Amino acid sequence: MLLQSIQGVLVIIVMVAVGYYIASLHWFTESSKKLIAKLVTQVALPPYMIVSITKDFTKDELARLLPNLWYPVLSMLILMGISWLVAHFIKVDQSRRGLFMSMFFNSNTVFVGLPINLAIFGEKSLPYVLVYYMANTTIFWTLGVYYIQRDSSDNIKMSITDAIKKIFSAPLLGFMLGIVLIVLDIKLPTFLMSSFSYLGGLTIPLSMLFIGVSVYDAGLKNMRFQKDNLGVLSGRFIFAPILMALLVLPSSMPTIMKEVFILQSCMPVMTNAPVVAKLYDADADFASIMVTETTLLSLVMVPIMMMVLTKLF
């Protein structure tokens with residue numbers, strides 16, 4: 001498993017490096033970077049969800065799977081409390097405290113978490129990745145955005161309608177449609193499933209190119225390890241996986257589900273954090289730096305976590 005995890009991470013590093021290199025050639029503008037993100041989330045991920053779920057799932061498996069949604073939800077709620085304590089302990093400035101807390105308890109479950117889990121565990125991990133994704137995206141677009149919004153000096157508010165739109169994103173709707181198809185035992189036509197498979201195949205490579213471009217744009221020279229940065233890093237890579245391990249180890253869920261949940265919990269800061277911070281006039285630069293730092297460090301942390309998981313399981 002360790003060798004498999006190392007190879008999986010190397011696959012990801014190669015794709016990220018390609019994204020970094022072509023970004024250094026100035027192939028991308030800010031608008032083209034946004035286009036990649038839209039292609040992944042709006043075009044590639046929804047059909048990928050539908051194909052994978054309908055191919056690998058049954059009604060009985062779904063009935064056993066979905067009740068485990070409370071594990072990531074509980075984990076993130078506890079992390080939220082810990083983030084408040086850490087923010088006060090290290091005296092995070094009030095102007096970025098909400099952003100600090102949001103980045104502390106939310107992880108990047110799609111752009112980084114999905115391809116890493118698929119590279120290491122294969123497609124059998126997808127259902128468990130998606131359960132964590134459901135919890136994470138809901139928490140981020142409600143509590144996470146609420147805390148970032150508190151940093152705003154302009155009192156900008158997100159409407160309930162906008163929040164609902166963000167929660168019920170295209171990938172989540174694809175996931176839900178896949179569940180409906182399984183529950184109703186509906187088989188889509190072969191030509192449609194083939195089309196969805198081809199579109200879904202864009203998900204992982206485009207995600208990795210996006211990360212490489214983002215890392216280049218943020219600039220490696222901007223990486224620094226001040227107390228606020230170290231606080232977020234401790235949340236992503238220490239508190240989150242330890243807490244998740246304590247929650248899932250005594251449970252009766254499948255071993256691979258435990259491994260996926262623990263790995264998902266220590267993924268980098270969400271790529272949406274800088275965008276939301278910019279929207280609410282919070283510290284978007286700090287958010288961008290933390291996305292870069294945590295993304296790069298995750299490539300080191302994943303093999304370490306896999307070594308730990310081989311000992312635990």
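Lys and Arg count as positive and Asp and Glu as negative, while His and the chain ends are not counted. The place of a charge is NZ of Lys, CZ of Arg, CG of Asp or CD of Glu. This is a predicted model, in which local features need pLDDT of at least 70, side-chain atom pairs count only at pLDDT 80 or more, and totals for chains, interfaces and linings use all residues. Residues are numbered from 1 along each chain as its sequence is written, and side-chain values use heavy atoms, with hydrogens and water left out.

Q: How far apart are the mean positions of the positive and negative charges of the chain?
A: The mean positions of the 22 positive and 17 negative charges are 2 Å apart.

Q: What makes the chain as compact as a globular protein of that length?
A: The radius of gyration, taken over C-alpha atoms, is set against the globule rule, 2.2 Å times the number of residues to the power 0.38. The rule gives 20 Å for 313 residues and the chain has 19 Å, which is close, so the chain is as compact as a globular protein of that length.

Q: Why is serine 298 called buried?
A: Buried means under 20% relative accessible area, exposed over 50%, and partly exposed in between (1.4 Å probe, protein chains only). Serine 298 has a relative accessible area of 1%, so serine 298 is buried.

Q: Which residues does serine 298 touch, not counting those up to four places away in sequence?
A: Contact means heavy atoms within 4.5 Å. Serine 298 touches Val112, Phe237 and Pro268 on that count.
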